[in-house]
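Hi,

Here is the structure I promised to pass on to you. Please have it open while you read, and my notes on what turned up follow just below.

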Amino acid sequence: MSDIKHILVPTDGSEGSLKAAGVAGDMARALGARVTVLLVQDERFVLSEAWNTASASASPQNLSGGVEEAREAMERKAATTELAATTKALGDVPEGAQGVQVWGHPADQICGYAKENGIDMIIMGSYGRSRLMRAMLGSVSRGVANAAPCAVTVVP
C-alpha cells in the first residue's frame, strides 16, 4: 500500500460517492497520498438542459449557443454542489484535493483519467444517484473495476 501516492475519487454527489470520499480521505491521510476528485459530466444531458434554459422564443437553429451556455451552467453548478460536497467529505488531505470536471461516458472517462494521470488507486461508491441513472448509464463502478489501469476500491 505504500506505493499509493495519488488517489482518484469519482463523484456524482450521491450518498455513495460521499461515503467513498470519506474512505479515500482516511486512506490519503494514512498514506500521505494526494487526492483528485473527478466529476464526469454526461453529454446526453446537455441538450435537455439547454432546451430547459433556453428562452421561450429560442428556435432549434439557435440552440447551439444554448448548448454551450448549458454546459457552462452545469459545470458551475457542479463545482458548488457535487465537487464541493465531495471535497468536504474527504476532510483535510495532503496537498488539499484537486477538483476536475470532464465530459463523456463516466466509466470510460474515469479509467482514461486514471491512466493519463498516474492514478494509483480509485475509490468510488458502488451506486450512483438513482436506479434510473444506473439503468441508463450501466454500472459505472463495475465498468471501472473491469477496465481501470490501477487498483479500485468500491465502497458499498
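I began with the core side of helix α1, where the buried residues are G16, S17, A20, A21, A24, G25, M27 and A28. Please keep in mind that this is a predicted model. A general point helps when reading that list: an α-helix has 3.6 residues a turn, so residues three or four places apart point the same way.

What lies over those buried positions? The cover for the buried residues of α1 includes strands β1, β2, β4 and β5, along with helix α4 (82–90).

The helix itself has 17 residues and spans 24 Å from its first C-alpha to its last, close to the 24 Å expected at 1.5 Å a residue. Just after α1 comes G32, with a positive phi near 70°.

Now to the sheet. Five strands make up an open sheet with parallel pairing, in the order β3-β2-β1-β4-β5. At its edges are β3 (97–103) and β5 (151–155), each pairing on one side only. From one strand to the next, the twist averages 25°. Helix α1 (residues 15–31) packs on this sheet, touching β1, β2 (34–41), β4 and β5, and its direction makes about 145° with that of β4.

Within the sheet, β1 (residues 6–11) and β4 (residues 121–125) pair in the parallel sense over two bridges. If you want a spot to look at there, L8 has I122 in β4 as its bridge partner.

One more helix to look at is α7 (residues 140–147), which lies across β4 and β5 and runs at about 165° to β4.

Happy browsing, and all the best!

Note on methods
Residues are numbered from 1 along each chain as its sequence is written. This is a predicted model: local features need pLDDT of at least 70, side-chain atom pairs count only at pLDDT 80 or more; totals for chains, interfaces and linings use all residues. Side-chain values use heavy atoms; hydrogens and water are left out. Two strands pair if DSSP finds at least two bridges between them. Helices (H or I, at least four residues) and strands (E, at least two) are DSSP runs, numbered from the N terminus. Axes are lines fitted to C-alpha atoms, for helices over the stretch in contact, and angles run from 0 to 180 degrees between N-to-C directions. Contact means heavy atoms within 4.5 Å. The expected span of a helix is 1.5 Å times one less than its number of residues. Buried means under 20% relative accessible area, exposed over 50%, partly exposed in between (1.4 Å probe, protein chains only).
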